[in-house]
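Colleague: I have some questions about this model. Can you take me through it, point by point?

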Amino acid sequence: MEKPDYSRRRLLQLAGSAGLLAGVTRTASAQHEGHDMSTMDMSDMNMEKAAPTPPPELAPPAALKRHSQGYLPVRTLNGWTLPYTMKGGVKEFHLVAEEIEHEFAPGSRAKCWGYNGTTPGPTIEVVEGDRVRLLVTNRLGEPTSVHWHGIDLPAGYDGVAGLNQPAIKPGETFAYEFTLKQHGTHMYHPHADEMTQMAFGMMGLFIIHPKAGEEVPVDRDYAFLLHNWALHPGTYRPDPAVMQDFDLWTFNSKVFPAIENLVMRTGERMRIRMGNLSMWNHPIHLHSNPFWVTGSDGGRWPRNQWRREVTEIVGVGQMRDIEFIATEPGDWAFHCHMAHHTMGPMGHAIPNPAGVDQSGVEAEIRKFLPGYGAMGQFGMAEHSGHVAMGLPGPDNTLPMMTGEGQFGPIEMGGMFTVVKVRDDQKAGDYSDPGAYRYPKHLIAKKVSGDPDFGDPPRRNPYGKSTSGPLATPTMPKGESMPGMDHSQHGR
Ligand SMILES: [Cu+2]
C-alpha cells in the first residue's frame with residue numbers, strides 16, 4: 001500500500017476544512033434571538049403567522065438577558081426558544097408538527113419531521129407555577145400527539161394517543177392546558193407512531209425554572225437532546241426500521257463539526273442539561289476537571305445528592321443535568337464515550353482490514369473502479385486523509401471521521417463538540433472565541449523522532465522496531481500470539 005504524501009495531505013485538509021468551518025461558523029453564530037418574549041404581542045396573528053418557520057438562522061447572536069420572571073434563559077445548542085403569548089394569565093405556545101428540510105452538517109441533508117421548522121423543535125421554557133396552554137397543529141400526513149415527558153399533569157393531557165386522547169388527525173389542532181407544579185429538565189415528543197415520528201426527528205426540550213430561584217446560581221445554562229439517525233449514504237429519508245446500526249449520532253440533530261461549541265469564562269458555573277430520545281444510552285464525558293451531576297427530570301437535586309463524575313450515562317428516556325466550574329482555560333473535548341457514537345456513517349459488516357496488506361487487491365479493483373483506495377491496514381485514521389484528498393463518497397453523506405483542530409484532524413464526527421474556557425470571555429457572551437492559544441510551556445511536544453528512543457520497560461514486544469511505523473506483526477503458523485501466552489502473566 002502506498003504511503004500518503006503527508007505534506008500534500010495536510011495542505012488539502014486545511015483547504016477542505018476552511019470551507020467546512022465557514023459553514024459551521026455561520027450556523028453557530030446564528031442561533032440566538034432574544035429570549036425574553038414575554039412582551040411580544042402575537043395574539044392577533046393568524047395560525048400561519050403564529051407558527052412561522054423560525055428565525056434562528058437569520059437572527060443575530062445576542063447575549064442572553066434574564067427573563068422578567070428572574071431566570072437565566074437556557075441556551076439550546078444549535079436551537080431556539082419558542083416565543084409565547086400571554087392570554088388571560090396563561091402562557092400560550094403553538095407547536096406545529098411538520099415535514100422539514102434539515103442539515104446535519106454541510107454535506108448531509110434530509111427530509112425530517114419536526115416542529116415549527118426545526119428538529120429538535122423549539123425549546124419551551126417556563127417557570128414553576130405558570131399555567132400553560134400548548135396548541136399543537138398537525139401538518140403531517142398521519143395522526144400525531146404530544147407527550148409532555150416527565151411533567152406532572154392531569155392524565156387527559158399526557159398525550160398518549162388512544163389512551164389519553166384521540167390522535168390529532170392531519171390538519172387538526174389540539175390544546176393542552178395545565179399548571180406546572182414542579183421544576184426541572186424535561187422533554188416533549190409524539191406518542192403516536194412514535195417509532196417513525198421520533199426516528200424522523202420529532203422532539204423538543206421543556207425546561208421549567210424553579211419559582212424561588214436557585215440557591216447556587218449558574219452563569220450559563222446549555223441544553224440539548226441526544227439522538228440517532230439511520231440516514232443511509234445516498235438517501236434523503238431517515239430509515240425508522242433500524243434499531244441499532246445508526247449512521248448519525250447527534251446533539252440537537254447536529255453532528256460534529258456542525259455542533260455549536262460551549263463557551264464560558266474561567267471560574268464560571270455552567271449547567272449542561274441533556275435528554276436522551278435515541279435508541280442507545282450515552283455515557284457523556286467532559287474533559288477538564290470533574291463535574292457534578294446535579295439534577296434530572298426530578299429537578300435540581302438536594303446538594304447532598306450531587307455526585308462528582310467525569311462521565312455520566314444519560315439513559316434512553318432520561319434527563320441529566322451536570323454542572324461544572326471551569327478552573328483551567330483551554331479547548332476541552334465534550335463527547336459521548338461510545339467510540340462509534342463519535343463517528344460518521346460507516347459499514348458495520350465489512351471484514352476487518354487491520355494488519356492486512358491490501359495493495360494487490362487495490363490494484364485488481366482499480367481495473368473496475370478507477371480511483372478505488374483500500375483502507376484500514378494501519379487503522380482508520382487514513383480515512384480522514386482520503387476525504388481531505390477529495391476522494392468522493394456516496395451522495396449526501398458525511399465522512400466517517402471529520403473535524404479539524406489547530407494541530408490536525410480531530411478524527412471525530414457525531415456526538416462531539418468543544419467546551420471553550422477562556423480567562424477573558426465576557427459574562428453572557430456566547431460567541432466563539434476561536435482556537436485556544438496554548439502557553440508554550442504548557443503543551444505536549446515532540447522530544448524524539450527515533451522509534452528506538454529511550455529504554456522504556458516493555459513486556460512481550462514483537463521485536464525491536466527498526467524504522468518508521470510499527471512493523472506489521474507476522475505470526476508463524478501453529479504458534480499462539482505472544483500477547484496471548486498466559487504463562488507470562490505476573491512476570
Ligand atoms: Cu453515545
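The exchange below goes from the whole chain to single residues.

Modeller: Keep in mind that this is a predicted model. Go ahead.

Colleague: How many helices and strands does the chain have?

Modeller: The chain has 491 residues, and 48% of them count as buried. Its secondary structure comes to 5 helices and 24 strands.

Colleague: Among contacts between residues at least 6 apart in sequence, what share joins residues at least 24 apart?

Modeller: The count leaves out pairs that are not at least 6 apart in sequence. Of the contacts that remain, the share joining residues at least 24 apart is 74%.

Colleague: What part of the accessible surface belongs to carbon and sulfur atoms?

Modeller: The accessible surface of the chain comes to about 24,000 Å². The part that belongs to carbon and sulfur atoms is 57%.

Colleague: Which atoms coordinate the copper ion?

Modeller: Three residues supply the donors, and their spacing in sequence is H-x53-C-x4-H. The distance is 2.0 Å. The donor atoms are ND1 of His-282, SG of Cys-336 and ND1 of His-341.

Colleague: Are the donors Cys-336 and His-341 buried or exposed?

Modeller: Buried means under 20% relative accessible area. Cys-336 has 1%, and His-341 has 3%. Both values fall under the cut-off, so Cys-336 and His-341 are buried.

Colleague: How many disulfides are there?

Modeller: A pair of cysteine sulfur atoms has to lie within 2.5 Å to count. Cys-112 is buried, at 0% relative accessible area. Cys-336 gives its SG to the copper ion. The count of disulfides comes to 0.

Colleague: How many residues of strand S24 are buried?

Modeller: S24 spans residues 416-422. Phe-416, Val-418, Lys-420 and Arg-422 point one way, Thr-417, Val-419 and Val-421 the other way, and all are buried. In a regular strand, side chains alternate between the two faces of the sheet. For S24 the buried count is 7 of 7.

Colleague: Which strands pair with S24, and in what sense?

Modeller: Strand S13 shares 4 bridges with S24, and there Arg-265 has Arg-422 as its bridge partner. Strand S21 (residues 330-336) is joined to S24 by 6 bridges, with Ala-333 opposite Val-418. The partners are S13, parallel, and S21, antiparallel.

Colleague: Which residues touch the most other members in the largest nonpolar core?

Modeller: That core holds 34 residues. Apart from it lies another core of 28 residues, including Tyr-115, Leu-134, Tyr-188 and Met-202. In the largest core, the residues that touch the most other members are Phe-251, Phe-334 and Val-419.

Colleague: Which residues lie on each side of strand S10?

Modeller: S10 covers residues 204-209, and 6 of its 6 residues are buried. Both of its faces are covered. One side has Gly-204, Phe-206 and Ile-208, and the other has Leu-205, Ile-207 and His-209.

Colleague: Which strands pair with S10, and in what sense?

Modeller: Strand S5 has 4 bridges to S10, with Ile-124 opposite Phe-206. Strand S9 (residues 184-189) has 5 bridges to S10, and Tyr-188 has Gly-204 as its bridge partner. The partners are S5, parallel, and S9, antiparallel.

Colleague: Which residues do the cis peptide bonds join?

Modeller: One bond has omega about -10°, and its Pro-120 lies in the loop between strand S4 (108-115) and strand S5 (124-127). Another has omega about 15°, and its Pro-257 lies in the loop between strand S12 (248-251) and strand S13 (262-265). The pairs are Thr-119 with Pro-120, and Phe-256 with Pro-257.

Colleague: Asn-116 has a positive phi. What is the value, and where does the residue lie?

Modeller: Asn-116 is a residue other than glycine. It is buried, at 1% relative accessible area. Asn-116 sits in the loop between S4 and S5, and its phi is near 55°.

Colleague: Glu-411 also has a positive phi. What is its relative accessible area?

Modeller: Glu-411 lies in strand S23 (residues 408-412). Its phi is near 60°. Glu-411 is partly exposed, and its relative accessible area is 24%.

Conventions: Residues numbered from 1 in each chain as written. Predicted model: local features only at pLDDT ≥ 70, side-chain atom pairs only at ≥ 80, totals over all residues. Heavy atoms only, no water. Helix = DSSP H or I, 4+ residues; strand = E, 2+ residues; numbered from the N terminus. Buried < 20%, exposed > 50% of the residue type's maximum accessible area, 1.4 Å probe, protein only. Pairing = 2+ DSSP bridges. Core = buried A, V, L, I, M, F, W, Y, C linked by side-chain atoms within 4.5 Å. Contact = heavy atoms within 4.5 Å. Areas by Shrake-Rupley, 256 points an atom, 1.4 Å probe, with all protein chains shown as cover. Donors = N, O, S within 2.8 Å, 3.2 Å for Na, K, Ca; no water.
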